[in-house]
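Me: Please take a close look at a single part of this structure and describe how its helices pack against one another. I would appreciate one connected account.

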Amino acid sequence: MDQQPDPTQPTVPAGSADRSLDRPGDRSGEGSGEGALRIRASDSDRNVVIERLGDALAEGALDTAEYNRRLEVAATAVTRGDLAPLTADLPESQAARRRAEAARRAARAEADKREWFNEWGYWGGGALIMTVIWGITCLREGDLRFYWPVWPLGIWAAILVSYALWPERAEDDKNGRGGGGVR
């Protein structure tokens, strides 16, 4: 009887019987080791390597000819394994370290700004609650009394303003170093 190959099973090319096949959904080894090197390279992967090569050229770790050779290979790389050897022998890039540090500082500043605005939102909520309590008290007693929420709200606002005026001190307080002296 003549057997037909199962069309759902991948066929093994001649001479490659010893290599394992990547099947859809088979992600063993992805992220580390040999399996990660067989994953197709994305444009982002290629751009990261190209940027690192440019940093190496600018810092003198590569000459122009070697840079051009590696750049051509990076631009046409198909897998991450094609990209890995291009930067394996390069020292850590000082420019990349500076860019990463600047990005961390910018992200921290943005988070601090967002946190500060959130604190003003809490202040507004506290002001609303205290004002409602003051208003109900005044209505119940039938006359306008001293607006007592001015004291807690004023102190709270002064603290928030101080964090805007002296951010280094606020950062020291967050890190537990305390502002024990004049800077």
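Reply: In this predicted model, helix H3, which spans residues 64–75, packs against helix H4, residues 80–87, at an angle of about 160°, and the two axes lie 9 Å apart. H3 is therefore roughly antiparallel to H4, since angles over 145 degrees count as such. The crossing in which H3 passes H4 is left-handed. On the H3 side the contact is formed by Arg70, Val73 and Ala74, which meet Asp82, Leu83 and Leu86 of H4. Sorted by class, this contact of H3 with H4 holds four nonpolar and two charged residues, with no polar ones.

H4 also packs with helix H2, residues 43–58: their axes come within 10 Å and cross at roughly 10°. Because angles under 35 degrees count as roughly parallel, H2 is roughly parallel to H4. From H2, the residues Asp45, Arg46, Val49, Arg52 and Leu53 take part, and they meet Arg80, Leu83, Leu86 and Thr87 in H4. The classes here are four nonpolar, one polar and four charged residues. Leu83 and Leu86 of H4 thus appear in the contact with H3 and in the contact with H2.

Thr87 merits separate attention. This residue belongs to helix H4. With a relative accessible area of 12%, Thr87 is classed as buried, because the limit for that class is under 20%. When its neighbours within four places in sequence are set aside, Thr87 is in contact with Val49, Arg52 and Leu53. Those three residues are among the H2 residues that meet H4.

Technical notes: Residues numbered from 1 in each chain as written. Predicted model: local features only at pLDDT ≥ 70, side-chain atom pairs only at ≥ 80, totals over all residues. Heavy atoms only, no water. Axes fitted to C-alpha atoms, helices over the stretch in contact; angles between N-to-C directions. Helix = DSSP H or I, 4+ residues; strand = E, 2+ residues; numbered from the N terminus. Parallel < 35°, antiparallel > 145°, perpendicular 65-115°, else oblique. Left-handed = near helix turned anticlockwise from the far one by under 90°. Contact = heavy atoms within 4.5 Å. Nonpolar A, V, L, I, M, F, W, Y, C, P; charged D, E, K, R; others polar. Buried < 20%, exposed > 50% of the residue type's maximum accessible area, 1.4 Å probe, protein only.
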